[in-house]
Amino acid sequence: MQQRTLGSQGLRVSAIGLGCMPMSRLYGPADEQESAATIHRALDLGVTFLDTADMYGPFANEQLVGRAIAGRRDEVVLATKFGNQHRPDGSWVGINGEPDYVRRACDASLERLGVDHIDLYYQHRVDRSVPVEETWGAMAELVQAGKVGHLGISEAAPATIRRANAVHPVTAVQSEYSLFTRDPEGEVLATVRELGIGFVCFSPLSRGLLSGRLTSPDELAPDDLRRDLPRFQGENFARNLAVVAQLRRLAAEQGATPSQLAIAWLLAQGGDIVPIPGAERRRYLEDNVPALDVRLTAKELAAIEKVASRGVAAGERYGPAGMAFVNL
């Protein structure tokens, strides 16, 4: 497995990670046995960078990951996140960056995961009411205590990234980045590269749109969260599928699948970029990993750019409530 380095502190991870969020009922019914088998298969293939969060489930995803990696902890670079506070019954409280909450959230994640340290701990969303310096001061204490190895931040604006980095080195910024979501291009990527920070791409397949496996929103389970996202609705969905059809043709020319093409494109954007496609089934994982073997020439990258230039996706990636908590 190819490796990449996140940040100037030298965190080495597999060049493709595994996003574990879809394993906890967010994209329809969960199958814990298959999810655990997917994690085991990932480790066997050398995909050792696993990404979860306390809000996935909520809580259940960390527990699932913890059970799956029991006995194989030394093979894993484990990332989780805090900041989306939920009550014990799973109901949402809000975004919380209070220092006391940071400490409690970390201890709770350690217990659910069944580990004594977290390799990469992210602030999942920025709390408007708490200066990021206060949140990151508490996070830095977790590093000093040995509970956390490295720190990251998700969906943060360049100025916020700089402020966090001034308190403690930021190892990774995680944001959505794909052929359908190119928002980080420009100031965000320029900022992380200036500061020596790695960039982790979640939803590199735009929640399955770029995989080419979806042909209708009716294929989604009734409780699949994607039904509420603008890109999966009405005319937006049809327009997005038309772009995917063109990408499918380009992928076929490479002897690749649409998923492999989309991930290979991200990998080609820089050696500091690590995609973490979500996969709750082994067959999806096994479709994604060969993207490492897809080598795109300048001509091929230009052809992809012509089909999927910035802003090509129809619809926002979240509804208004979700968009209110990104790029803060």
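In this predicted model, Cys20 is buried, its relative accessible area being 1%. Cys201 is likewise buried, with a relative accessible area of 0%. A disulfide is a covalent bond between the sulfur atoms of two cysteines. The structure holds 0 disulfides, and Cys20 accordingly takes part in none, the nearest cysteine sulfur, that of Cys201, lying 16 Å away. Seen from the other side, Cys201 is in no disulfide either, and the cysteine sulfur nearest to it, that of Cys20, is 16 Å away. Because a disulfide requires sulfur atoms within 2.5 Å, a separation of 16 Å does not meet the criterion.

Helix α3 comprises the 15 residues 99-113, which at 1.5 Å a residue should span 21 Å, and the distance of 21 Å between its end C-alpha atoms agrees with this expectation. Several of its residues are buried, including Pro99, Tyr101, Val102, Ala105 and Cys106, as well as Ser109, Leu110, Arg112 and Leu113. The buried residues of α3 pack against the helices α2 (60-69) and α4 (132-144), and also against the strands β5 (77-82), β6 (84-86), β8 (118-123) and β9 (148-154). After the helix comes Gly114, which has a positive phi, near 70°.

The packing of α2 with α3 can be described further. The axes of the two helices are 7 Å apart and form an angle of about 45°, so that α2 and α3 are oblique to each other. On the α2 side the contact is made by Glu62, Gln63, Val65 and Gly66, which meet Ser109, Arg112 and Leu113 of α3. By character, the residues of this contact divide into 2 nonpolar, 3 polar and 2 charged.

Key: Residues are numbered from 1 along each chain as its sequence is written. This is a predicted model: local features need pLDDT of at least 70, side-chain atom pairs count only at pLDDT 80 or more; totals for chains, interfaces and linings use all residues. Side-chain values use heavy atoms; hydrogens and water are left out. Helices (H or I, at least four residues) and strands (E, at least two) are DSSP runs, numbered from the N terminus. The expected span of a helix is 1.5 Å times one less than its number of residues. Buried means under 20% relative accessible area, exposed over 50%, partly exposed in between (1.4 Å probe, protein chains only). Contact means heavy atoms within 4.5 Å. Axes are lines fitted to C-alpha atoms, for helices over the stretch in contact, and angles run from 0 to 180 degrees between N-to-C directions. Angles under 35 degrees count as roughly parallel, over 145 as roughly antiparallel, 65 to 115 as roughly perpendicular and the rest as oblique. Ala, Val, Leu, Ile, Met, Phe, Trp, Tyr, Cys and Pro count as nonpolar, Asp, Glu, Lys and Arg as charged, and the others, Gly among them, as polar.
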